Amino acid sequence: MNDKGILEALLYTAGDEGLDEKQLLEILDIDQTQLSQLVSEYISDGLEIQHFGQTYVLTTKKDAANYIEKLIEQKSKMKLSQAAMESLSIIAYNQPLSRSDIEMIRGINSDGAVKTLIARGLIEAKDEADSRSQQLYTTELFLNVFGIEHLDDLPTTDEEDEEIEAFFSNLVNQKGENNE
């Protein structure tokens with residue numbers, strides 16, 4: 001594999017956080033001029049390498065934006081099981097919490113539901129310094145899907161029953177037939 005292929009593979013693996021220039025230079029065993037040349041010569045129909053400060057990121061080309069938005073809309077319309085909806089509600093109102101916290105609240109193993117929520121981009125798992133297990137949080141996509149700007153906008157028992165009912169009917173409308 002040539003250096004362009006290796007660079008692409010490294011940036012793909014790093015994901016949206018990208019890689020620091022120093023890491024790339026060290027891993028590829030090249031200098032700054034060679035890295036700049038690799039980036040400028042990178043050719044792909046759907047991807048490009050962008051440089052932000054000292055970080056390089058593999059991103060999609062702007063021409064693909066409309067198609068990517070359609071994909072995200074379709075993913076957000078996918079149905080969720082009752083188990084996934086229960087787990088999502090627990091996380092939304094109690095975050096951060098671990099998978100075992102969810103199991104304790106639900107009284108049943110929730111790994112499948114949590115994996116589904118992560119795969120759909122509605123929650124994410126983060127390593128916290130003060131915890132031995134990953135902590136689960138809702139994502140920006142969660143806010144977008146449910147039409148709220150901040151977690152503070154989640155309905156509470158202090159709010160009108162109709163507003164809470166409307167929010168949860170939206171949750172129920174996301175629910176699918178199969179349980180996880």
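**Pairings and contacts in a predicted model**

Modeller: E1 and strand E3 (residues 55–60) pair in the antiparallel sense over 2 bridges. The model is predicted, with local features needing pLDDT of at least 70 and side-chain atom pairs pLDDT 80 or more, while totals for chains, interfaces and linings use all residues. Residues are numbered from 1 along each chain as its sequence is written, and side-chain values use heavy atoms, without hydrogens and water.

Colleague: What makes E1 and E3 a pair?

Modeller: Two strands (DSSP runs of E, at least two residues, numbered from the N terminus) pair if DSSP finds at least two bridges between them. E1 and E3 have 2 bridges, so they pair. Leu-19 has Tyr-56 of E3 as its bridge partner.

Colleague: Why are E1 and E2 called edge strands?

Modeller: The open sheet of 3 strands runs in the order E1-E3-E2, with antiparallel pairing. Strand E1 (19–20) and strand E2 (47–52) each pair on one side only.

Colleague: Why is H1 called roughly perpendicular to H3?

Modeller: The axes (lines fitted to C-alpha atoms over the stretch in contact, with angles from 0 to 180 degrees between N-to-C directions) of H1 (residues 3–14) and H3 (residues 32–41) cross at roughly 80° and come within 10 Å. Roughly perpendicular covers 65 to 115 degrees, so H1 and H3 qualify.

Colleague: Which residues make that contact?

Modeller: With contact meaning heavy atoms within 4.5 Å, Asp-3, Lys-4 and Leu-7 of H1 meet Leu-35, Leu-38, Val-39 and Glu-41 of H3.

Technical notes:
Helices (H or I, at least four residues) and strands (E, at least two) are DSSP runs, numbered from the N terminus.
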